[in-house]
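Thank you for making the time this morning. I would like to walk through one structure slowly, for those who have not met it before, and I will take it piece by piece.

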Amino acid sequence: MHEGTTLPPSAPPTAASGGVMNGGDAEAPREGERSALGSPHGNIASRIGNTPLLRLRRVCSSLPRGVELWAKAEFLNPGGSVKDRTALSIVETGIREGRFGQGKVLLDASSGNTGIAYAFLGAMWGFPVEIVLPRNVSPERLRRLQAYGARLTFSDRLEGTDGAQLLARRLAEDHPDLYWYPDQYNHPANPLAHYRTTGPEIWRDSCGLVTHFVAGIGTGGTITGVGRFLKDQNPSVEIVGVEPASAMHGIEGLKHLATALRPGVFDERVVDVRLSVETEAAQVMTRRLAREEGLFVGTSSGAAVEAAIQHARELERGVVVTLLPDGGDRYTGEKYWEDPNEGRGGGAP
Ligand SMILES: Cc1ncc(COP(=O)(O)O)c(C=O)c1O
């Protein structure tokens, strides 16, 4: 990654150092090692983080003059989501702690994005990855996981990510010699990734002017890590958490906390305001982001922007920052992309 996760030169391989792992055993690159191109060899994980902060204009044109809305484009991470940061941070911790010895399999539950990130890191560094995910995972996510060669285990679709989490826990307890189960919902490296990278990037790119941070809550890693960092810089920055309005919702990646398993990494003391968003409102905003801002993003991005606008409407002045967790390529089968007016008129194609 970049500042904050850089390990001392004697440490095991990291994404930043371009380390190599074979058969599950870490091989540290020699200190000062250089490639033929003259610099420490690069790899795809070195592109995780440092995503751009984009100004939104058209979807929020009705906001008061003194209020600006900015969005951090996490779909530009190499695995396509904010969860690249979490997975890299967890894998780096695992390497440091020697968790990958004897071909141990990294096992975790995911609704897809963290799984994709683990899977490409595993393919690159040569450690096996097994993801437990609800059976109704989108075909786009499934293909990508298969492309990286991850092993997949399915949990009951009706039990959502909670069911996947419980099944992963049981597998890890039953086969402790086979698996390393970091458990992204309870691993401190999850919020730490955001404390060390996402938060500082937002602070830097907003020139320290950010007044509000609005983000969806899944594991709670993003909002907890970013929230803690921003409040350490300026305690008056307001942190706004976004949840689906009901237990049965269609906002992939977010949890309805009142009815879901409580993620251990989520620190609710960091959150000043909690807003809920209906699935339909999130979908409408997701479509507007594509058509009015040129941003092809996932439904949880629509939820975050919808909530950010709701909150920003009440302000007189402010620099409101939100985060777009993943891209629309993972949701191409969703009906809400279809335009009800499309195909009318009968003209030539
Ligand atoms: C699409 C999407 N949005 C939002 C989130 C929430 O992020 P966090 O787990 O950091 O709370 C996730 C997490 O999996 C996600 O996949």
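**Helix 1, the ligand shell, and two residues**

Let me begin with a check on helix 1, which covers residues 83-96: at 1.5 Å a residue, its 14 residues should span 20 Å, and because its end C-alpha atoms are 20 Å apart, the two values agree. I should say at once that what you see is a predicted model.

Staying with this helix, is helix 1 mostly covered or mostly uncovered? It is mostly covered, since 12 of its 14 residues count as buried, and among them are Lys 83, Asp 84 and Arg 85, as well as Leu 88, Ile 90 and Ile 95. After helix 1 comes Gly 98, and the phi angle of Gly 98 is positive, near 70°.

Now to the ligand. There are 19 residues around the ligand, and those that come nearest are Gly 218, Thr 222, Gly 253, Ser 300 and Pro 325. Sorted by class, this shell holds 13 polar residues, three nonpolar ones and three charged ones. Two helices, helix 2 (113-125) and helix 6 (221-233), each supply at least two residues of the shell. And where does the ligand's shell lie with respect to domain 1 and domain 2? Domain 1 (47-80 + 191-334) and domain 2 (100-180) both give residues to the shell, so it lies between them.

I would like to finish with one residue from each of those two helices. In helix 2 we find Ala 119, which has 26 other C-beta atoms within 10 Å and, because 20 or more is the cut-off, counts as buried. Leaving aside residues up to four places away in sequence, Ala 119 touches Val 129, Ile 131, Leu 145, Tyr 148 and Ala 150. Ala 119 and Gln 146 are 27 residues apart in sequence, while their C-alpha atoms are 8.9 Å apart in space.

In helix 6 we find Lys 231, and with 18 C-beta neighbours inside 10 Å, Lys 231 counts as partly exposed. With residues up to four places away in sequence again left out, Lys 231 touches Val 237 and Val 270. From Lys 231 to Gly 199 the separation is 32 residues in sequence and, C-alpha to C-alpha, 9.8 Å in space.

To close, then, please keep two points in mind: helix 1 has 12 of its 14 residues buried, and the shell around the ligand draws on both domain 1 and domain 2.

Conventions. Residues numbered from 1 in each chain as written. Predicted model: local features only at pLDDT ≥ 70, side-chain atom pairs only at ≥ 80, totals over all residues. Near = placed C-beta within 6 Å. Helix = DSSP H or I, 4+ residues; strand = E, 2+ residues; numbered from the N terminus. Nonpolar A, V, L, I, M, F, W, Y, C, P; charged D, E, K, R; others polar. Domains from an automatic or database assignment. Expected span 1.5 Å × (residues − 1). Contact = placed C-beta atoms within 7 Å.
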